Amino acid sequence: MTLDSYRLIRENTYSDPRKEMLMEKKLQVQELYKFAMDREDNVFLNDRAFIQSPRIFDRKFVDTIHHKITVETILKEDWIECGDYLKYDNMVWLCLNSYCFHGLYCRATFMSCDWEIYWVDECGELKRQYVID
């Protein structure tokens, strides 16, 4: 009986239940993100400020020098890609992997960069890059 009434409602509203569920989930993610206690201000992605401050959590030491963090953001303009650099907590972090979940939010793992290498390119310009040893 319950399934029949659900099907009747679906036929009369002409909506896609998957799209409706995704929209409800998007509203839920936005509301939870708004009140997240682990959001950090003054964080830069590739020397650009985030539009909405990202969530930064799950900080763990990998060994005595390196540590990892997990970063989440919900705006597509703030999404993170592998190889991006993050400036946070007076440190530079390199994105090791990222994944965007159904267009709702992006989660990335970063590792602290403890070295900066310098070289001169073919035009004679001094270049530099943060790296993980």
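**Strands, core and cysteines**

Colleague: Happy to look at this with you! Which residue in β4 does Phe 61 stand opposite?

Modeller: Phe 61 faces a partner in β4; bear in mind that this is a predicted model. β3 and β4 pair in the antiparallel sense, over 5 bridges. The residue opposite Phe 61 is His 67.

Colleague: Thanks! Which are the edge strands of the open sheet?

Modeller: The sheet has 7 strands with antiparallel pairing, in the order β2-β1-β5-β6-β7-β4-β3. An edge strand pairs on one side only. The edge strands are therefore β2 (48-49) and β3 (55-61).

Colleague: Now the inside. Which element gives the most to the largest nonpolar core?

Modeller: That core has 14 residues, and those touching the most other members include Ile 56, Ile 69, Tyr 88 and Phe 110. Two or more residues come from each of β4 (67-73), β5 (85-88), β6 (91-101) and β7 (105-112). With 3 residues, the element that gives the most is β7.

Colleague: Good to know. How many residues are in the second, separate core?

Modeller: Val 29, Tyr 33, Ile 74 and Leu 104 are among its members. The size of this separate core is 5 residues.

Colleague: And the cysteines, my favourite! How many disulfides does the structure hold?

Modeller: Cys 106 is buried, with a relative accessible area of 0%. Its nearest cysteine sulfur belongs to Cys 100, 3.4 Å away. A disulfide needs sulfur atoms within 2.5 Å, so Cys 106 is in none. For the structure, the number of disulfides is 0.

Technical notes
Residues are numbered from 1 along each chain as its sequence is written. This is a predicted model: local features need pLDDT of at least 70, side-chain atom pairs count only at pLDDT 80 or more; totals for chains, interfaces and linings use all residues. Side-chain values use heavy atoms; hydrogens and water are left out. A nonpolar core is a set of buried Ala, Val, Leu, Ile, Met, Phe, Trp, Tyr and Cys residues joined through side-chain atoms within 4.5 Å. Buried means under 20% relative accessible area, exposed over 50%, partly exposed in between (1.4 Å probe, protein chains only). Helices (H or I, at least four residues) and strands (E, at least two) are DSSP runs, numbered from the N terminus. Two strands pair if DSSP finds at least two bridges between them.
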